[in-house]
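Me: I'm new to this structure and would like to get to know it. Could we go through it together, one question at a time?

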Amino acid sequence: MDNTSKISPNSIAFIGLANEYCTTLANAQQYEQAEFVDSMLKLLPRIYISATDISIGNEPEAYIEPYLDEDYYESVRHHVEMVMGPDDIYLEVFEADMKYSDTPISASIAEGLTDIFQDLFNFVNNVKDAPQEQISDYVAVCKENFETFWGQRLCNVMKALHDIKYNHDNRI
């Protein structure tokens with residue numbers, strides 16, 4: 001039996017999108033803001049759809065080893081922040097503390113994108129050298145992380161990026 005049949009087409013698509021996202025963020029300093037926003041608005045919805053299309057069978061028996069160190073995380077975050085400039089900060093309504101707050105809570109596009117980058121970077125680097133029978137487990141772990149952590153971040157950041165692209169002139 002061919003081992004490649006164990007990896008679903010949805011998983012293969014997800015791995016490719018995760019890699020493309022990581023490459024784009026790692027090279028953020030090469031983009032003008034409008035080009036970067038366009039890239040993110042094309043990638044993020046595809047990643048979201050791809051992650052939701054992944055079906056998890058049994059409980060995954062894998063642990064995603066961290067590859068991203070704090071210095072690289074901070075470098076990527078800083079480059080994204082520089083590209084976004086003053087548009088990096090947006091008001092967040094899906095913050096757990098928001099229901100207890102009388103004042104708006106701000107969030108950073110750069111930090112949100114880099115948080116997603118951290119999980120996907122670690123995922124891609126684990127998958128890269130993994131035996132084929134373990135890749136499905138790594139995909140399942142990443143899907144769980146999407147459901148519990150970075151999926152909501154992706155949606156929040158996408159809303160802010162959408163506002164920058166389509167309502168930039170109408171903001172106060």
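Me: How far apart are the end C-alpha atoms of helix α2 (residues 33–53)?
Reply: A quick note before we begin: this is a predicted model, where local features need pLDDT of at least 70, side-chain atom pairs count only at pLDDT 80 or more, and totals for chains, interfaces and linings use all residues. Residues are numbered from 1 along each chain as its sequence is written, and side-chain values use heavy atoms, leaving out hydrogens and water. Helices are DSSP runs of H or I with at least four residues, numbered from the N terminus, and the expected span is 1.5 Å times one less than the number of residues. The 21 residues of α2 should therefore span 30 Å, and the distance between the end C-alpha atoms agrees: 30 Å.

Me: Where is the kink in α5 centred?
Reply: A straight helix of 36 residues would span 52 Å, but α5 spans only 45 Å between its end C-alpha atoms. Bend here is the angle between axes fitted to the seven residues ending at a residue and the seven starting there. In α5 there is a kink of about 60°, centred on F146.

Me: Which helix supplies the largest share of the largest nonpolar core?
Reply: Such a core joins buried (under 20% relative accessible area, 1.4 Å probe, protein chains only) Ala, Val, Leu, Ile, Met, Phe, Trp, Tyr and Cys residues through side-chain atoms within 4.5 Å. Of its 51 residues, Y21, L113, L120 and F123 touch the most other members. Helices α1, α2, α3, α4 and α5 each supply at least two residues. The largest share, 12 residues, comes from α5.

Notes. Buried means under 20% relative accessible area, exposed over 50%, partly exposed in between (1.4 Å probe, protein chains only).
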